[in-house]
Amino acid sequence: MELEYAYADYAADKAVELIGIDSPSGYTERAARWVQESFERLGFMAERTQKGGVLVTVKEGSEDGLLLEAHVDTLGGMVAEVKANGRLRITNIGGMQPNNAEAENVRVYTRSGRAIEGTCQLCNASVHVNGEYGDAKRSFDTEEIVLDEEVKSAEDTRRLGIEVGDIVCFEPRARITESGYVKSRFLDDKLSVGILLGLCKYIRESGREPQRPVYAHITVYEEVGHGGSASLPAGVTEAISVDMGCVGDGLTCTERQVSICAKDSGGPYNYEVTGKLIEAAKAEKADYAVDVYPHYGSDVEATLRAGCDIRHGLIGAGVYASHGYERSHKDGVYNTLKVLKGYLGI
């Protein structure tokens with residue numbers, strides 16, 4: 001059965017649906033539940049791990065298993081101080097950049113379950129008042145959350161139920177353009193979760209079983225470094241991170257391609273696995289690029305650092321403006337699906 005482009009459409013649509021569920025590292029329960037239910041609806045067994053991730057059995061077995069890893073956790077913020085004026089100083093979760101956070105709408109989730117809206121602004125943000133607006137260094141100490149509530153003191157804010165440790169989520173602004181571009185915060189890595197759902201939908205509808213045991217682990221702590229450090233199924237000998245492919249100066253990948261990573265900040269990926277991914281791309285006539293990422297780490301490296309004896313690789317749809325307002329394309333999704341199809345022998 002040919003891999004139709006409709007599976008890329010499905011993957012992108014599911015990614016956008018998932019992006020609508022706030023899930024910075026440490027606050028992923030609702031998103032993980034959505035992921036579990038989505039795989040179950042496709043007919044696959046999906047279990048929750050102790051850390052809160054989702055482990056999916058695509059094809060069960062005891063030898064030479066393959067684990068596909070993607071993550072549902074995103075960047076975000078946490079309340080670090082309720083200021084005397086009722087506004088909030090935050091600390092970043094993961095690699096959230098203050099320059100990208102400024103002027104973005106946010107939701108502050110209280111322990112009681114309330115979601116209170118606000119905006120991340122430079123302190124003294126009015127240009128007509130602040131003559132040094134353009135010169136001010138952006139950091140999470142010079143920016144603050146301005147709540148969309150009538151608050152003038154710390155006491156006013158605390159009466160809303162907001163306290164230190166509450167989660168701050170940034171508006172993703174997800175959309176798919178008529179030309180097929182997918183634009184949003186947090187395509188890293190919810191786009192890849194959509195891709196794995198699209199792959200599983202193809203497996204179920206085509207009836208083409210992988211030639212070896214295959215599992216998918218949707219992790220929930222990748223953005224803080226230890227997402228893939230646990231829950232390796234017995235018999236797994238290879239793991240591939242399906243994460244965002246880098247697009248930028250000095251790299252060849254575009255948003256319409258699948259990127260195969262040969263090396264990142266953690267060192268080279270397994271030469272054999274990388275070669276097999278390239279062979280799969282060629283066999284499936286996928287539009288691909290091989291690149292070296294200068295500032296990057298992945299779930300599968302956390303798996304290795306945890307002491308697991310496996311081979312490892314990394315692929316993903318090309319994503320521009322990583323950790324900001326990101327952009328990819330459904331062609332990149334399609335090409336990633338084709339490489340996975342070829343690698344699984346389906």
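**Entry 1: helix α2**

I began just after helix α2, where I found that Gly43 takes a positive phi of about 95°. I note here that I am working with a predicted model, and I keep that in mind for each entry below.

I then went back along the chain to helix α2 itself, which covers residues 29-41, and checked its length against what a helix of 13 residues should give. Because each residue should add 1.5 Å, the expected span is 18 Å, and the end C-alpha atoms are indeed 18 Å apart, so the two values agree.

Which residues of α2 are buried? I listed Ala31, Ala32, Trp34, Val35, Gln36, Ser38 and Phe39 as buried. When I looked up what these buried residues pack against, I found the helices α1 (6-19) and α5 (187-206), together with the strands β1 (45-48), β2 (54-59) and β12 (214-219).

**Entry 2: an open sheet**

Next I turned to a sheet of three strands, which is open, has the order β10-β11-β19 and is antiparallel in its pairing. Its edge strands are β10 (175-176) and β19 (326-329), each of which pairs on one side only. I reminded myself that strands of a sheet pair through backbone hydrogen bonds, either parallel or antiparallel.

I followed the pairing of β10 with β11 and counted two bridges, again in the antiparallel sense; among the partners, Ile176 is matched with Val182 in β11. These two strands form a hairpin with four residues between them, and in the turn I noted Gly180, whose phi is positive at about 95°.

How many bridges join β11 to β19? I found four between strand β11 (residues 181-184) and β19, and the two strands run antiparallel. As examples I wrote down that Ser184 has Glu326 of β19 as its bridge partner, and that Tyr181 stands opposite His329 in β19.

**Entry 3: the largest pocket**

Last, I looked for empty space, since rolling a probe the size of a water molecule over the atoms shows where such space is left. The largest pocket has a volume of about 470 Å³, and 25 residues line it. Which of them lie nearest its centre? I noted Cys246, His295, Tyr296, Gly297 and His323.

I also asked which element gives the most to this lining, and the entry I made was helix α7 (residues 299-305), with three residues. Sorting the lining residues by kind, I arrived at nine nonpolar, nine polar and seven charged.

Technical notes: Residues are numbered from 1 along each chain as its sequence is written. This is a predicted model: local features need pLDDT of at least 70, side-chain atom pairs count only at pLDDT 80 or more; totals for chains, interfaces and linings use all residues. Side-chain values use heavy atoms; hydrogens and water are left out. The expected span of a helix is 1.5 Å times one less than its number of residues. Buried means under 20% relative accessible area, exposed over 50%, partly exposed in between (1.4 Å probe, protein chains only). Contact means heavy atoms within 4.5 Å. On a 1 Å grid over the protein atoms alone, a cavity is a set of points where a 1.4 Å probe fits but cannot get out, and a pocket is an open set with protein on both sides within 12 Å along at least five of seven lines; lining residues have an atom within 4 Å of a point. Grid points are joined across faces, edges and corners, and a volume is the space filled by probe spheres set on the points. Ala, Val, Leu, Ile, Met, Phe, Trp, Tyr, Cys and Pro count as nonpolar, Asp, Glu, Lys and Arg as charged, and the others, Gly among them, as polar. Two strands pair if DSSP finds at least two bridges between them.
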